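Student: I have a structure open on my screen and would like to learn how to read its features. Could you walk me through it?

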Amino acid sequence: MKEQEPIQDNINTNVEEELDMSDNVNQEHTADESNLEENSASEQQAPDTASADEGHAELVALRAELEEQQQRLLRAQADFDNFRRRTQKEKEELGKYASAKLITELLPVIDNFERALASGEQGTDVASYAKGVEMIFRQLEGVLGAEGLKAMDTVGEHFNPEFHQAIMQVESDEHEEGVVVEEVQKGYMLKDKVLRPAMVKVSG
């Protein structure tokens, strides 16, 4: 019986060794799984970090572009405000001095009227005086005509309420009904626009 004890011990020893080997294998397997999990986590973390960096850079770029657009908008608004003020000022000056050119051209006519009045005081004969006044009138007509002023021809024309203002209806053997027979006050056109309608008498 004593000779069998070493065999039993050997069996126990072998079982213990196998158990130790199994534990070592399990530990190695667990270590390998841990390493795999750590590597996987590291691989996942790396793309997440890169994506975050790209998103931050894109945000910074968008903010810079937004600020640039805002600056452009402010500059455009300032330019528009300056243009509006300048245009308004020019418009006011144009309305204020629009007649300056015409008045400048009328000054020689005024000069000639003054000369005619002075000559009348000196006893100039009536014929010369009348001729001088007529010349001044023609000069005035020339200035106004250059600006587009033209007198209407009304007598003998059919009555037109756009150009004529009838103040009286008269009987006429020479004209058919609705024809201007007499002009009481001249009418004037300024280029293509009626500046003042003519006051006329119309045949009935």
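Tutor: Let's go from the overall layout to the two sheets and then to the surface. Keep in mind that this is a predicted model.

Student: Happy to start there. How many helices and strands are in the protein?

Tutor: The protein has 3 helices and 6 strands. Along the sequence they follow the pattern α-α-α-β-β-β-β-β-β.

Student: What holds the strands of a sheet together?

Tutor: The general idea is that strands pair through backbone hydrogen bonds, and the pairing can be parallel or antiparallel. In this model, one open sheet is made of 3 strands in the order β2-β6-β3, with mixed pairing.

Student: Which strands stand at the edges of that sheet?

Tutor: Those are β2 (164–170) and β3 (180–185). Each has a single partner strand, so one side of each is left without a neighbour in the sheet. From one strand to the next, the twist averages 30°.

Student: In what sense does β2 pair with β6, parallel or antiparallel?

Tutor: β2 and β6 (residues 198–203) pair in the parallel sense, over 6 bridges. To find the pairing on your screen, look for Q169, which stands opposite V202 in β6.

Student: And how many bridges join β3 to β6?

Tutor: There are 4 bridges between β3 and β6, and these two strands run antiparallel. A good marker is Q185, whose bridge partner in β6 is M199.

Student: Is β6 mostly covered or mostly open?

Tutor: β6 is mostly covered, with 5 of its 6 residues buried. For the protein as a whole, buried residues make up 9% of the 204 residues.

Student: What is the strand order in the other sheet?

Tutor: This open sheet also has 3 strands, in the order β1-β4-β5, and its pairing is antiparallel. β1 (149–151) and β5 are at the edges with a single partner strand each, so each has one side without a neighbour in the sheet. Neighbouring strands here are turned by 35° against each other on average, direction ignored.

Student: Which residues could I use to trace the pairings of β4?

Tutor: Start with K150, which stands opposite M189 in β4. β1 and β4 run antiparallel and are joined by 3 bridges. On to the next pair: β4 (residues 188–190) is joined by 3 bridges to β5 (residues 193–196), again antiparallel. There, L190 stands opposite K193 in β5.

Student: What links β4 and β5 in the chain?

Tutor: They form a hairpin with 2 residues between them. K191 lies in the turn and has a positive phi of about 60°.

Student: Now the surface. Which residues make a nonpolar patch?

Tutor: I103, L107 and I110 make a nonpolar surface patch of about 260 Å². L107 is found in helix α2 (residues 100–121).

Student: Why does L107 count as partly exposed?

Tutor: Its class follows from relative accessibility: partly exposed lies between the 20% and 50% cut-offs. L107 is at 43%, so it counts as partly exposed.

Student: What is the accessible surface of the protein?

Tutor: The accessible surface comes to about 16800 Å², with 53% of it belonging to carbon and sulfur atoms.

Student: One last feature: what share of contacts join residues at least 24 apart?

Tutor: That share is 60%, taken among contacts between residues at least 6 apart in sequence.

Note on methods: Residues numbered from 1 in each chain as written. Predicted model: local features only at pLDDT ≥ 70, side-chain atom pairs only at ≥ 80, totals over all residues. Heavy atoms only, no water. Pairing = 2+ DSSP bridges. Axes fitted to C-alpha atoms, helices over the stretch in contact; angles between N-to-C directions. Buried < 20%, exposed > 50% of the residue type's maximum accessible area, 1.4 Å probe, protein only. Contact = heavy atoms within 4.5 Å. Areas by Shrake-Rupley, 256 points an atom, 1.4 Å probe, with all protein chains shown as cover. Patch = residues over 30% accessible without salt bridge, like charges linked within 9 Å, V, L, I, M, F, W, Y side chains within 5 Å. Salt bridge = Lys/Arg side-chain N within 4 Å of Asp/Glu carboxyl O.
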